[in-house]
Amino acid sequence: MTVTPSLMWSLLIAMAVTNLVFRLGPIALLSRVHLPLPVERWLSFVPASVMAALVATEVLRPGGRWVVPWHNVYLFAALPTALVYWKTKSFLGATVTGMLAFLALRYFLG
Amino acid sequence: MSPQVTDGDRRHPAFVSFVRGMRLGLPVFLGYLPIGAAFGVVAAAAGTGVAAAVSCSALVLAGAGQFIGLQLLKGGAGLATAILATTVINLRYVLFSATMAPHLRETPWYRQVLIAFTLTDETFAINITDSREGLSDDWSKIGVGFVSWVGWTAGTALGAAATALVGDPSRWGVDFALPAMFTALLVAQISEKRYAVVAVVAAASAIAMSTVLPGEWPVIAGAIGAATVGAVMYR
């Protein structure tokens, strides 16, 4: 069905408010206090965990579907991407390399 | 401790940091532009009009949340259902915000607002990696957020206004822009063995859970589980 502008505005205002609360709340409150050591230690593992979980699901299950590993363009394109970042420490270089590798692999494999 | 300003470089230190942040955020910009365009196309086609579509991206800045909210409204679900669903999806920002908080102790409130407003999976990943390397400051974080916001909002405007001009963005290889960026960010996280161990646990549990949980939940559940394993193993 049609999503009218006013319906969209109602949703977007609600989302904007809840998002600001979620995003700013912890920063505003927790940056004023010192967290207990175990909590800080737990938080220190969050970035590596999030990144690994994201890469695993996006590369092994692109678009939410299983792809046979030897036909998986995402998986093969991730290898030069990781290598370029490891050698150069450049996010932009690694991202562009990944996209080019992805295009080439899709052309030959896909 | 402001950086030395020599005769050759009269630019304000905050500006230098801001520009550095924008450069750091370029991969996010590359990834957001086409996905933002896709949102603009879908929203305009659903009847929201250009203004509401662009305002949604400019004020909400939430990839999955926006798509799912729009999808639910399009499918005839009520406004309350759409708000509830997007709220649950966007809860993950609480986790990112809490992780950022210890890095923002010295930050004035108005900069905290700017950094929080542009907190997404991608800007979080870039800024937390930069912080761990000791390079990040307030204005570089704001620069990362700004360039990402521009990519997402401009992409939506392009998509909503000029569907025919954009064509099919996937032919430029943009499908892999964000996975590539996360792959690089993952490599950047593995500075010590314990992070490698936790990463393997997170990847394995996210994949295992993706067979039963929908959407982004395997990522959230896998990450929370693996961080807990790490915190218990390496006390």
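Chain A splits into domain 1 (1–33) and domain 2 (34–109). Their centres, taken over C-alpha atoms, sit 28 Å apart. Keep in mind that this is a predicted model.

**Chain A as a whole**

The secondary structure here is easy to summarise: chain A has five helices and zero strands, so to speak an α-α-α-α-α string when read from the N terminus. For the overall dimensions, here is a quick table.

| Property of chain A | Value |
|---|---|
| Radius of gyration | 20 Å |
| Radius of gyration of a compact globule of 110 residues | near 13 Å |
| Box filled by the C-alpha atoms, along the principal axes | roughly 50 × 50 × 25 Å |
| Share of the 110 residues that count as buried | 41% |
| Share of contacts with a separation of 6 or more that join residues 24 or more positions apart | 33% |

**Where chain A meets chain B**

The contact draws on 65 residues of chain A and 78 residues of chain B. On the chain A side, helix 1 (5–30), helix 2 (37–44), helix 3 (46–60), helix 4 (73–88) and helix 5 (91–109) each put in at least two residues. Helix 1 of chain A gives the largest share of that side, with 21 residues. Sorted by type, the residues of chain A that touch chain B come to 48 nonpolar, twelve polar and five charged.

**Helix 2 of chain A and its cover**

Now for a closer look at one of those helices. The buried residues of helix 2 of chain A are A:Trp42, A:Leu43 and A:Ser44. Both chains help to cover them: the cover includes helix 3 of chain A, along with helix 6 (92–100) and helix 13 (217–233) of chain B.

**A glutamine on the chain B side**

Next up is B:Gln112, which belongs to helix 7 (residues 109–117) of chain B. Is B:Gln112 buried or exposed? B:Gln112 counts as buried because 21 other C-beta atoms lie within 10 Å, and the cut-off for that label is 20 or more.

Which residues does B:Gln112 touch, leaving aside those up to four places away in sequence? From chain A they are A:Leu24, A:Ile27, A:Ala28 and A:Ser31, and from chain B they are B:Leu104 and B:Thr107. The helical repeat is handy to remember at this point. An α-helix has 3.6 residues a turn, so residues three or four places apart point the same way.

Elsewhere in chain B, B:Lys141 lies 29 residues from B:Gln112 in sequence, and the C-alpha to C-alpha distance between B:Lys141 and B:Gln112 is 9.9 Å.

Notes: Residues numbered from 1 in each chain as written. Chains lettered and ligands numbered in written order. Predicted model: local features only at pLDDT ≥ 70, side-chain atom pairs only at ≥ 80, totals over all residues. Contact = placed C-beta atoms within 7 Å. Helix = DSSP H or I, 4+ residues; strand = E, 2+ residues; numbered from the N terminus. Nonpolar A, V, L, I, M, F, W, Y, C, P; charged D, E, K, R; others polar. Domains from an automatic or database assignment. Buried ≥ 20, exposed ≤ 12 C-beta atoms within 10 Å, placed from the backbone. Rg over C-alpha atoms; globule rule 2.2 N^0.38 Å.
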